[in-house]
Amino acid sequence: MHVRRRLQQLGAAALLVAVLVAASGTVGSSAPAPPRRGGSLSFIVSAEPPSFDGHRETTFAVIHPIRPHYNLLVKFDPLNYPKVVPDLAESWTVSQDGLTYTFRIRSGVRFHDGSLLTSRDIKASLDKIIFPPQGVASARQAMYEMVESISAPSPNTVVIRLKWPSATFLEKLASPFNWIYKADILERDPRWYERNVMGTGPFRFKEYVRGSHWEGVRFENYWKPGRPYLDGYRALFISSPAAQAAALKFGQALVEFRGFAPAQRDEVVQFLGDRATVQESGWLCNILVVPNNQRKPFDDFRVRRALTLAIDRWGGSRALSQITFMGPVGGVMRPGGPFATPEAELTKLAGFGRDINAARQEARRLLREAGVPEGFEFTVKNRNIPMPYIPAGIFLVDQWRQVGLNPRHVIQETGPYLADLRAGNYDVGIDFTCDFFDDPDVQLVKFVSSDRNPLNYARYTDRLLDGLFRQQSRERDLQRRLQIVRQFERRVLSDRAYQYHLLWWQRIVPHWKKLQGYRVGPSHYLEDLEEVWLSE
Amino acid sequence: MTGRPDALATRVWPTAARPRTGGRFMRFARRYPLAVAGGGFLVLLVLAAVLAPWIAPSDPLANDYLSMFSPPSSRHWLGTDSFGRDILSRLIFGARTALLVGLSASVAGATVGALVGVASAYFGGTVDLVIQRITDILVSFPLIVLAMAMVAILGSGTANLVVAIALSFAPRAELVVRSSALQVRHTTYVEAARAIGAGPWRIILRHMLPNVLAPYLVMLTAFLGQAILLEASLSFLGLGVAEPTPAWGLMLSGAAVDFVQKAPWMAVFPGLAITLTVLSFNVLGDALRDVLDPRLRV
């Protein structure tokens, strides 16, 4: 009797515990474990950095291995995109008219060589990005057209004056490429950072072995108390998707921050089971089809329009999303993002409609009208990066063959490929855009006239388009701004068909569960190792 | 008597005693059954390559997104790849790439090597010394490394691939042919030609080269297999022909590796095609060497 009562009491207690556990979620997630200090993170980078200078480069191959050596003035919150949070700026104020930004700079911040950071270093770095000296390349200069001046009135203050108010200036300033360098070094040699590393970031440079790895170790004098959690990191350069999946499966690396194709994701998850987790997100990246607007017959807008009409984007999206990370169909702004073109409007643009047969008939008619013969041969230049460029090239060749064209796919190393695109030595190129932030200023700058933006390889000049870009950038009313963006989009993609998107990308990041403090966002440029830690 | 010596020989040799072609072939087939099988496979391969547009069931470049990763079936005998392309059609058209690159590179490489080898043997002295040291350097590199270096210099693409493979073969051919040419260098007919005032190049081309044809032919068959393997290897490494051109090595790379568990037929059939072709050339080459090399016949 006594035993039965004890058992009843135990059963009731067990039931109570079960109810409490169920109410508070799973046992593991009820109280997140505190960040653990220590350990080294190995991750995969699928390309090597062309130089070490973030100001001149546009690739994740620079961001992932080298960004941890630097701080920015302000940055995107790595766990809460698109919130902008302080980095080297402790705080800031914006004047009533939105034209003056005053930043208070942290004191006691040290460079890896032991010297103290001052506002002079911030000014010198931003000057290099926004007003680069002769012979120094700056990839994002055009994005800061609104900046009038930068000054450092005191060692702890930086003031940026704008020519016109920009609603998202702070976000632009938070570009993950805007690394803060040392003014003395820039003064001596503004190109020193192309081949050297020296910043204030959470990790010091240890070694770079070309073709193998890049290594960083914790900077013990880092200004942020308790950070970074990691003792160090090792970026492994592995380009083959199959080898990347193998490295992840067998624990050689814990993550590849850029993203995997669905097949690789499934392979990794199947192999690792509950040791892996997958984070997915929309992606601020896309493949662009770039006809050479100065070369015959692509100087004829009917031919360019025919090329875009021949592409079955909706069918391609369904198919290619199974074998690559390409997927969403979209216009100039990211599908699913705050400025995305609604589908009803998108399908009115040439090449974005749902009726591919009608579109291809129209394409054939335009080609005939432009005097392009059946079986016309031209080259499609592409880079030799397997994912997603080569599948994109194979897909495009097939699409254009279906309207009677005969494209030849030419695959080159990235260096010669970019040199050819920059020199106009191509018929049609396969390019990409990847950005760090959803904003028309950032996404549309790629399409302003080639003489205003050297990153526009399509080789056209359209002052009306440049005007629309400037107009939307200065517009403070969101609805009106959206209208201008739509106008811009219609002109670029459809009416003049200067260059056009193939498909946007979908970010799929499988990683080991023991990697903590990391959240996938829509940009693979925003990875920040400062908050990342390893649970075991 | 004005008859030509060979006409005289025809009369002197009793017709009945000469082995008939059919009989000779049967004897060869009995002695080298593998070579005959290999030869048969190669004949089929050449026919497939020549007749590709008529016998391939589908357009090798046409994507079919409703048939992605289809396993072998009555519709697609060898299945489809990640773009829904028919693998059999791509294999048949890929034979063109393999044979084009294989034949052109082997003939070009072996011929250039043979010419240099005979010239080196004929001139001797400093010319021979310089050529041999250069050859030693080139031969010290593995074939694939040399070919990769050439492609890196010349760039990818079918034409450059042919040149790269041919240049990699040439020093090897040069070594083999030179050693044969050294044996005929002091034969009486070469001495006689020199005595009647024939120039060096006339002696090399008319009198020496035809007499080193046996090793040249054996080497050619060996090179054919190697060239096809090299083309496949370079394409696999992304240094050969570009997608979507049907090429066996290319078919083995990229998606075939990524999806090997999901669609193993994407890798199995191109691999089988390469293996069988190289094997065929090798067994045929071995048999030819046995037949043409008088020392082995003894």
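## Where the two chains meet

A salt bridge here is a side-chain nitrogen of Lys or Arg within 4 Å of a carboxyl oxygen of Asp or Glu. Keep that in mind while looking at this predicted model. Across the interface of chain B and chain A, the rule picks out 1 salt bridge. Its partners are Arg401(A) and Asp59(B), and their closest N and O atoms sit 2.9 Å apart. That pair counts because 2.9 Å falls within the 4 Å cut-off. On chain B's side, the residues touching chain A break down into 10 nonpolar, 4 polar and 4 charged.

How many residues of each chain are in contact with the other? It's 18 from chain B and 18 from chain A. There are also 3 residue pairs in polar contact across this interface, with both residues at pLDDT 80 or more.

## How much surface gets covered

The size of an interface is often given as the accessible area lost when the parts come together. For chain B and chain A, that comes to about 1,500 Å², with 65% of it on carbon and sulfur atoms. Which three residues of chain B supply more of its buried area than any other three? They are Tyr65(B), Phe83(B) and Asp258(B), and together they give 31% of what chain B buries against chain A.

## Rings facing rings

Now for the aromatic side chains. Searching the whole structure turns up 41 aromatic pairs over all chains. One of them is Phe203(A) with Tyr233(A), an edge-to-face pair with 5.2 Å from centre to centre and 85° between the planes. This pair ties together distant parts of the chain: Phe203(A) belongs to strand S8 (residues 203-209) of chain A, Tyr233(A) to strand S10 (residues 232-237), and the two are 30 residues apart.

## Some backbone oddities

Most residues other than glycine have a negative phi, and most peptide bonds are trans. Here are some spots that go the other way. In chain A, Tyr81(A) and Pro82(A) are joined by a cis peptide bond, with omega about 5°. You'll find Pro82(A) in the loop between strand S2 (74-76) and strand S3 (84-86) of chain A.

Chain B has a cis bond too, running from Glu243(B) to Pro244(B), with omega near 5°. Look for Pro244(B) in the loop between helix H11 (213-236) and helix H12 (248-252) of chain B. Then there's Arg459(A), which isn't a glycine yet has a positive phi of about 60°. Arg459(A) is in the loop between helix H15 (440-444) and helix H16 (463-474) of chain A.

## How sure is the prediction?

Overall, the model scores ipTM 0.78 and pTM 0.81. Chain A has a mean pLDDT of 91, and 94% of its residues reach 70 or more. Residues 15-29 of chain A drop below 50, and beyond near neighbours in sequence this stretch has 2 contacts in the model.

For chain B, the mean pLDDT is 85, and 91% of its residues reach 70 or more. Where in chain B is confidence lowest, and where is it highest? The lowest is helix H1 (residues 5-12), at a mean of 42, while the highest is helix H4 (residues 52-55), at 95. Across residues 1-16 of chain B, the pLDDT is below 50, and this stretch has 3 contacts beyond near neighbours in sequence.

Definitions and conventions. Residues are numbered from 1 along each chain as its sequence is written. Chains are lettered from A and ligands numbered from 1 in the order in which they are written. Side-chain values use heavy atoms; hydrogens and water are left out. Contact means heavy atoms within 4.5 Å. Buried area is the accessible area (1.4 Å probe) that two parts lose on being put together, summed over both. A polar contact is a pair of N or O atoms within 3.5 Å; within protein, one must be able to donate a hydrogen and the other to accept it, and residues adjacent in sequence count only if both atoms are side-chain atoms. Ala, Val, Leu, Ile, Met, Phe, Trp, Tyr, Cys and Pro count as nonpolar, Asp, Glu, Lys and Arg as charged, and the others, Gly among them, as polar. pLDDT is the predictor's confidence in each residue, from 0 to 100. Rings of Phe, Tyr and Trp (its six-membered ring) pair if their centres lie within 6.5 Å; planes under 30 degrees apart count as stacked, over 60 as edge-to-face and the rest as tilted. Helices (H or I, at least four residues) and strands (E, at least two) are DSSP runs, numbered from the N terminus.
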